[in-house]
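The following exercises are to be worked with the sequence and the three-dimensional structure at hand. Each task is followed by a solution in steps.

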Amino acid sequence: VLRTNLVEAVANIARSLHPDRLVIETSGVAHPGDVVGALRHPAVRELIEIEPIITVVDCEFFPMREVFAEFYEAQIHAADTVVLNKTDLVDAATLARLQTELRQINPYAGILPTRHGVIGAETHWRTRALNAEEMNDDGSVAVIDDDTVVVVIVGVGVGVTEASACI
């Protein structure tokens, strides 16, 4: 039911509102891979382009992830970019250890250390390895196709109490 509702909602938004970007924030226990799977449904796959997946990890909470290990690690494993938040609240040795652990879970994800979850949109879009025609000379992102809605999936890890990635 939730999968069907998501597909219908995204299709309705794409057809009626025509946004340039649609951000889908998964909860701390949702699997971004399931969301991506739903968005590959024939009813929406021609209407959207799925951006690389972003997952927010709270530096203070990460050591306690064992409580929700399956869900938490699934979000990290599915991520293309891990926003490592609250880096100002841990020492350099802890930060290095956390980055090593994240790379063990997902060696392919980019890790973006932040304070207060703030990253500029240009930082995220540049991490996509954009084609030249997608990037304007000033570094801003060009609209890829007027009929395509770009979908950004943000996995907010367990322990993150708000949408911390300000994109």
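**Exercise 1.** Determine whether H18 is buried, partly exposed or exposed, and describe its backbone and its place in the chain.

*Solution.* The model is a predicted one.
Step 1: the relative accessible area of H18 is 52%. Because exposed residues are those over 50%, H18 is classed as exposed.
Step 2: H18 belongs to the loop that lies between α1 (2-16) and β1 (21-26).
Step 3: its phi angle is near 50°, which is positive although the residue is not glycine.

**Exercise 2.** Carry out the analogous analysis for K86, and state to which accessibility class K86 belongs.

*Solution.*
Step 1: K86 is situated in the loop between β4 and α4.
Step 2: phi of K86 is near 65°, again a positive value in a residue other than glycine.
Step 3: K86 has a relative accessibility of 27% and therefore counts as partly exposed.

**Exercise 3.** Describe how β4 and β5 are arranged, and state the handedness of the unit that they make with helix α4.

*Solution.*
Step 1: strand β4 comprises residues 81-85 and strand β5 residues 110-113; the two run parallel and are joined by four bridges.
Step 2: for V82, the bridge partner in β5 is I111.
Step 3: helix α4 (residues 92-105) completes a β-α-β unit with β4 and β5, and this unit is right-handed.

**Exercise 4.** Identify the buried residues of helix α2 and explain how they are distributed around its axis.

*Solution.*
Step 1: within α2 (residues 32-39), the buried residues are P32, V35, V36, A38 and L39.
Step 2: these residues lie on the same side of α2, because the arc they cover around the axis is only 160°.
Step 3: the general principle is that an α-helix has 3.6 residues a turn, so residues three or four places apart point the same way.

**Exercise 5.** Examine the loop between β3 and α3 through P63 and V67. Which residues make a nonpolar surface patch with V67?

*Solution.*
Step 1: P63 lies in this loop, between β3 and α3. With a relative accessible area of 37%, P63 is partly exposed.
Step 2: the C-alpha atoms of P63 and T94 are 9.9 Å apart, while the two residues are separated by 31 residues along the chain.
Step 3: V67 is likewise placed between β3 (54-58) and α3 (69-78). Its relative accessibility is 64%, so V67 counts as exposed.
Step 4: V67, together with F68 and F71, makes a nonpolar surface patch of about 260 Å².

Technical notes. Residues numbered from 1 in each chain as written. Predicted model: local features only at pLDDT ≥ 70, side-chain atom pairs only at ≥ 80, totals over all residues. Heavy atoms only, no water. Patch = residues over 30% accessible without salt bridge, like charges linked within 9 Å, V, L, I, M, F, W, Y side chains within 5 Å. Areas by Shrake-Rupley, 256 points an atom, 1.4 Å probe, with all protein chains shown as cover. Salt bridge = Lys/Arg side-chain N within 4 Å of Asp/Glu carboxyl O. Buried < 20%, exposed > 50% of the residue type's maximum accessible area, 1.4 Å probe, protein only. Pairing = 2+ DSSP bridges. Right-handed = clockwise from strand over helix to strand, strands pointing away. Arc of directions from axis to C-beta.
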